[in-house]
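Here is a short briefing for the bench. It covers charged pairs and a metal site.

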Amino acid sequence: MTQHQRIPAIDPAKLDRLAEVAVKVGLRLEPGQDLFLTAPVAALPLVRRIAEHAYRAGAGIVTPLLADEEVTVARYRNASDQSFDRAPAWLYEGVAKAFSANTARLAIVGDNPMLLANEDPAKVARASKANSVAYQPALEKIAGFDINWNIIAFPGLSWAKLVFPDETDDAAVTKLADAIFAASRVDQADPIAAWAAHNKALRSRSAWLNEQRFEALHFTGPGTDLTIGLSDGHEWQGGESRAKNGIACNPNIPTEEVFTTPHARRVSGHVSSTKPLSYQGALIDNISVRFEEGRIVEAKASRGEEVLNKVLDTDEGSRRLGEVALVPHSSPISKSGLLFYNTLFDENASCHIALGQCYSKCFVDGATLTPEQIAAQGGNKSFIHIDWMIGSDKIDIDGVHADGARVPVFRKGEWA
Ligand code: ZN
Ligand code: ZN
């Protein structure tokens, strides 16, 4: 492309295919199902295409809720102090009601991940806490996988400029759009078939791990010697999975991981992060932590150490693991070499662990277990769930059986 050629920043055909993938692969929306959708205003072109595909698939009513960066910032700059302990509970109660009535949920991400970086951190923390509490009734239905849901991404300008700071506005959006399209497999001739093949590959990986029934995984590499005990009755998941309403959906697009639940009290050793973690407007880099009996007893970071320690002090479970995920170093998102400042993408570039809450679906018969049973089997409980990257082309992973026998799982960052 030359400077004077004016080309549209986002390929409309691929955007349409992304909408189709969201409806047919991400959600597997069923005829008669309503759809509740949240998006940044920038993503309106995608929202419109999704509505079209959803109605063609037989959707009852599509209800979009749009958020605007300037409106969000206006609150932090102008609202009264009391505003920051409030949240629209009435709205979330309605959303929870909709989920109870089998409404599907779609979230489009695409705003600037650093939007609140320069706002008062105390106000950001208060508003976020008030929002978490009010959102709880609706979140429970998502976390419990009651309904089919999906997250996809749209290349908003402010996000694109963060990922590609040296490009012009148009070029940055085009590049981020292309990265999103490639990672979401809509740059391929038949994206629906590509997703079917990808889901099959992820299913065979998780089936192998479920057959092995490892007691622990042992990670070794530069700055890392970590044994992650797995929960009793853990189950590996990846790609497509079935919600309690019977619909098999792909909650994350893109996704490259197979993942399960560590045992909250059986993690020991030390581990170093391999990519920076973008968390609520702050960048935390070169994390290195030490675990004893499942708990982080020492935490360092070359940047953002204060934020990291604040996060670790959130609650009882925030120093323990709720997820371990395997992603080969050759994953398409890893090969792009980009830092997206967005977990949906960055977690799919690398093996990762998550501090905090575990997923009940990562247990055998997880849907029937009570929170007490999950805790007894080693599942962790917390208000947070924060993924950070520990994979690279230098990481080896062994699966360890109950009798101590070892099986190579990863060598130099790839499936062994
Ligand atoms: Zn994950
Ligand atoms: Zn996670």
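**Salt bridges and a zinc site**

Arg406 and Asp398 form a salt bridge, with their closest N and O atoms 2.9 Å apart. The model is predicted. It holds 21 salt bridges.

**Arg406–Asp398 and a network**
- Arg406 counts as partly exposed, at 46% relative accessibility.
- Asp398 is buried: its relative accessible area is 14%, and the cut-off for buried is under 20%.
- Shared partners join the salt bridges of Arg290, Glu292, Glu298 and Lys300 into one network.

**Other salt bridges**
- Arg126 pairs with Asp85 in a salt bridge, the closest N and O atoms being 2.9 Å apart.
- This pair links distant parts of the chain, 41 residues apart. Arg126 lies in helix 5 (residues 121–143), and Asp85 in the loop between helix 3 (69–78) and helix 4 (89–100).
- Arg126 is partly exposed at 25% relative accessibility, and Asp85 is partly exposed at 49%.
- Arg319 forms a salt bridge with Asp313, with 3.0 Å between the closest N and O atoms.
- Arg319 counts as buried at 15% relative accessibility, whereas Asp313 counts as exposed at 54%.

**Zinc ion (ligand 2)**
- Glu323 (OE), His385 (NE2) and Asp387 (OD, listed twice) coordinate the zinc ion (ligand 2) at 2.0 to 2.6 Å.
- The donor residues are spaced E-x61-H-x1-D in sequence.
- The site is irregular, because the angles among its four donor atoms run from 54 to 147 degrees, while tetrahedral requires all angles between 85 and 135 degrees.
- Glu323 also coordinates the zinc ion (ligand 1), which is 3.4 Å from the zinc ion (ligand 2).
- His385 is partly exposed at 25% relative accessibility, and Asp387 is buried at 7%.

Methods: Residues numbered from 1 in each chain as written. Chains lettered and ligands numbered in written order. Predicted model: local features only at pLDDT ≥ 70, side-chain atom pairs only at ≥ 80, totals over all residues. Heavy atoms only, no water. Donors = N, O, S within 2.8 Å, 3.2 Å for Na, K, Ca; no water. Tetrahedral: all angles 85-135°; square planar, octahedral: opposite > 155°, others 65-115°. Buried < 20%, exposed > 50% of the residue type's maximum accessible area, 1.4 Å probe, protein only. Salt bridge = Lys/Arg side-chain N within 4 Å of Asp/Glu carboxyl O. Helix = DSSP H or I, 4+ residues; strand = E, 2+ residues; numbered from the N terminus.
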